[in-house]
There are 2 protein chains.
Amino acid sequence: MNLKILAKELNLSFSTVSKALRDSHEISPATKQRVLEKAKELNYQVNPLASNFRKQKSKTIAVIIPEVVNDFFGPVINGIESIAQEKGYHVLIYLTHDSMQKELEISKLLQNGRVDGIMISLASQTSNTDHLNILKEKEIPLVFFDRIASEVGTPVVITDDYHCGFIATEHLITNGCKHIAFLTISENLSISNDRKNGYLDALKANNIKHDQALIRFCNEDDMSNKDNIKNLFSGNNQPDGIFASVEKLAVATYQICEELTLNIPKDVKVITFSNSYMAALLNPPLSTITHPAFEMGRESATILFKLIEKKGLNRIPKKTVLKSNLIIRASSVR
Amino acid sequence: MNLKILAKELNLSFSTVSKALRDSHEISPATKQRVLEKAKELNYQVNPLASNFRKQKSKTIAVIIPEVVNDFFGPVINGIESIAQEKGYHVLIYLTHDSMQKELEISKLLQNGRVDGIMISLASQTSNTDHLNILKEKEIPLVFFDRIASEVGTPVVITDDYHCGFIATEHLITNGCKHIAFLTISENLSISNDRKNGYLDALKANNIKHDQALIRFCNEDDMSNKDNIKNLFSGNNQPDGIFASVEKLAVATYQICEELTLNIPKDVKVITFSNSYMAALLNPPLSTITHPAFEMGRESATILFKLIEKKGLNRIPKKTVLKSNLIIRASSVR
DNA sequence: CTGTTAGCGCGTTCAT
DNA sequence: ATGAACGCGCTAACAG
């Protein structure tokens, strides 16, 4: 079943049929009608592979993220999908598992027209952006969200991480914390650094001397992270507040506090970045900074499609900043 | 940059170059070497759109699921992706949001060679399978996982839902429950029915008369679900055990119990199907039946690729059953 | 308004 | 071992 056969059935040339199917203005309504009916009758559908090839467009976008089992990236995908579907686009998902090597390989796969645009949130291990510059040079529409590389120069969508780092830290200070530890996951990531800077500036603004020993870099390994956190409490400068930059580190903190019979929030106050609706159900309920994940997906997808369709290009902001919410619960108040 | 240009640079015909790149035996090693080097030098990559078109293969599979913000479907995608990547395939994600209409539209998009194979977990609203039969008739490799339509006749991968429904119910009975409510989400879904049948048979096996008023169908709306659950406790037959078939209903139960100042597990015992690692952190820790989600993704993807590659077709089981784990925590023991 | 024609870039068959 | 030629199915430029 293809255009040729359909055209023969209709005694029309296949180019006429092709135009009719795409509702071209140069085809008479009567013919369109006939073609459409016959197409339906014979259950004709264009061969997307041929059509894509001919147009050198795939009607597909790629989303590159570190992981999918995640209360942030999940809703982001929802947001992206909601826009992609409106636009009639398909969504490819690629997972880097926070590996720069994987990110590189994936980028390579996408250099050659397989997708019409790319949205990416960087792997925590990504320390240089050559692979992304190549995509940019090839003029493949590219949007960064959350974990960005602003030096590439394509549009980025982020949240107010610095500000949130600042106010979360101040919140702990207001609630009596004097020794606040900061748990982070990467030295490369834009978000980690923004959050950390917010934390540091809040300490400074409140005349609290920052202690490098209270800043802990964690990794993928839960065990070593727990040791790392436990170790905090056996140092000279024991923390009375923990600010975790990702949820899993707050959870690890809960587990360590249970182990060490430290009461949250009496002995240690805890706050974290997290999008899990379960945070409210923990014991005690966990204070969070929560991102507008769905909106971030929609916003970045909207920008990507402007890039793809080359519409309103001059009105695309280089940087879009969405507001996150500080949700205070029992874990961080005295 | 294409084959023709590359061939010109090498003073070879482009068919020779094409063959060399695909390591054809009819090309001399020396030429292959030359071609490969030049290709690398000029950073040549095949145009995937042209290649796909020519071969009528997309090197892409589709995964159709109800939602992605979910501790079950997330790891399933991980499992699928891990296999797809090994095989050099791309993964398209489609979300039905549990709507049959969406599922139908998506199926239609995939009828025409856009993907080489499809993995699907049905929308809870899906009540007939015509759209899936069409895919089968078109001989598109198709695998069902978790929420299956076995009547279509393509391979399915599930967990032992009936058995888990049975043992979870027996567990509640063993812990003293005599009035066990069952919270479910759909009358269409294979998994819901299997779980319910396990529940009913466990009651029967323990000489407990089942009360239809204790079986509640819930929906997408959190508010009405909560009302529904609250209503359970104002009926004649107040439950002393709640068996939730999905996590969000257990969470709603926790919230209602808090509201009604009912103690879990003293007044009501709770158990649920859930894959959230946070279950252990709730107050009280929540007993769960936990699926091997990652494994399910890998298993179904493995089967799909056998279908796609037509390898070992006779060794593909019509039905693969994976074992789930009953994880007893404080919410369900006396 | 309809038809004819020429590729898109690649893979394959057949000839040399 | 290499090259010439065809066509996958569709779109679009051009003719009529």
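Okay, let me start right at the DNA: the side chain of S18(A) puts an N or O atom 3.1 Å from a phosphate oxygen of DNA strand D. Before I go on, keep in mind that this is a predicted model.

Staying with strand D, chain B joins in too. A polar backbone atom of S13(B) sits 3.0 Å from a phosphate oxygen of DNA strand D. S15(B) goes for a base instead: an N or O atom of its side chain is 3.1 Å from a base nitrogen of DNA strand D. As for which elements give two or more residues to the surface near DNA strand D, we have α2 (14-21) and α4 (48-55) from chain A, plus α2 (14-21) and α4 (48-55) from chain B.

Zooming out a bit, DNA strand D has 27 residues around it, and the closest are L3(A), Y44(A), R54(A), K19(B) and E26(B). Of the strand D atoms that come within 4 Å of the protein, 56% belong to sugar and phosphate. By class, that surface has 9 nonpolar, 12 polar and 6 charged residues.

Now, the other strand. Which residues come nearest to DNA strand C? Out of 25 around it, they are S15(A), K19(A), E26(A), Y44(B) and R54(B). Here sugar and phosphate make up 52% of the strand's atoms within 4 Å of the protein.

Two side chains to look at on the bases: E26(A) has a polar side-chain atom 3.0 Å from a base oxygen of DNA strand C, and K19(B) has one at 3.4 Å from a base oxygen of that strand. On the backbone side, a polar backbone atom of N47(B) is 3.3 Å from a phosphate oxygen of DNA strand C. The elements each supplying at least two residues here are α2 and α4 of chain A, along with α2 and α4 of chain B. The split by class is 9 nonpolar, 10 polar and 6 charged.

Last bit, the protein-protein side. Chain A brings 47 residues to the contact, and chain B brings 47. Between them they bury about 4,300 Å², with 59% of that on carbon and sulfur atoms. On the chain A side, L49(A), H90(A) and R114(A) lose the most area to chain B, together 15% of what that side buries.

So how many salt bridges are there between chain A and chain B? The count is 0. Polar contacts, on the other hand, turn up in 14 residue pairs across that interface. On chain A, α4, α5 (73-87), β2 (90-95), α6 (100-109) and α11 (247-259) each supply at least two residues of the side touching chain B. That side comes out as 20 nonpolar, 18 polar and 9 charged residues.

Key
Residues numbered from 1 in each chain as written. Chains lettered and ligands numbered in written order. Predicted model: local features only at pLDDT ≥ 70, side-chain atom pairs only at ≥ 80, totals over all residues. Heavy atoms only, no water. Near = heavy atom within 4 Å. Polar contact = N/O pair within 3.5 Å; in protein donor to acceptor, adjacent residues only side chain to side chain. Helix = DSSP H or I, 4+ residues; strand = E, 2+ residues; numbered from the N terminus. Nonpolar A, V, L, I, M, F, W, Y, C, P; charged D, E, K, R; others polar. Contact = heavy atoms within 4.5 Å. Buried area = accessible area lost by both parts, 1.4 Å probe. Salt bridge = Lys/Arg side-chain N within 4 Å of Asp/Glu carboxyl O.
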